[in-house]
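I opened this notebook to look up how the strands are arranged and how the aromatic rings meet.

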Amino acid sequence: MNLIKYVEEKLATTKELPSFKAGDTITVHYKIKEGDKERIQQYQGIVIQRRGEGASASFTVRKVSNGVGVERVFPVHSAFIDKVEVNKEGVVRRARIYYIRNAKGKKARIEEKQYGQTEAGKAAAANAAEKPVAATAE
């Protein structure tokens, strides 16, 4: 067995994070130490990429703050990550969506993955079920 992998398996502390991929909008609750105080800061943005495996795995999150794009790389197994929430699942066709850096306005939006019926579809189905079908006997 590779010695580096052996050490990683023995010493790495694994955290249970939700499954997410490139294109998903997530909120990372990150612990910040300022002097002797510790607080949790939320960083919400779009996942640009996931890379690596094992103890060296990381993911990059991009957000736009005051009109300036900011990217931050988080190690997956960092002790400073309190939790990760998946806000929206995006529909993208690539594992690394670097093209989002150059996109502006409407082109910078990512389509959200839809599950099941939408609210408008449910309302239309309910209206159709309420209408009685007129039987015609000729």
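My entries on the sheet, the ring pairs and the charges over rings follow.

The model is predicted, so I accepted local features only at pLDDT of at least 70 and side-chain atom pairs only at pLDDT 80 or more, while totals for chains, interfaces and linings use all residues. Residues are numbered from 1 along each chain as its sequence is written, and side-chain values use heavy atoms, with hydrogens and water left out.

Sheet. I found an open sheet of 5 strands in the order β4-β3-β2-β1-β5, with antiparallel pairing; strands are DSSP runs of E of at least two residues, numbered from the N terminus, and two of them pair if DSSP finds at least two bridges between them. β4 (68-75) and β5 (81-88) are at the edges with a single partner strand each, so one side of each lacks a neighbour in the sheet.

Aromatic pairs. Searching the whole structure, I obtained 5 pairs, where ring centres of Phe, Tyr or Trp (its six-membered ring) must lie within 6.5 Å, and planes under 30 degrees apart count as stacked, over 60 as edge-to-face and the rest as tilted. Y30 and F80 are tilted, at 6.2 Å centre to centre and 45° between the planes, and this pair joins strand β1 to the loop between β4 and β5, 50 residues apart. Y30 is buried at 13% relative accessible area, whereas F80 is partly exposed at 42% (buried is under 20%, exposed over 50%, partly exposed in between, with a 1.4 Å probe and protein chains only).

Charges. I noted the charged end of R72 over the ring of Y30, 4.5 Å from its centre; the criterion is NZ of Lys or CZ of Arg within 6 Å of the ring centre and within 35 degrees of the ring normal.

Key:
Helices (H or I, at least four residues) and strands (E, at least two) are DSSP runs, numbered from the N terminus.
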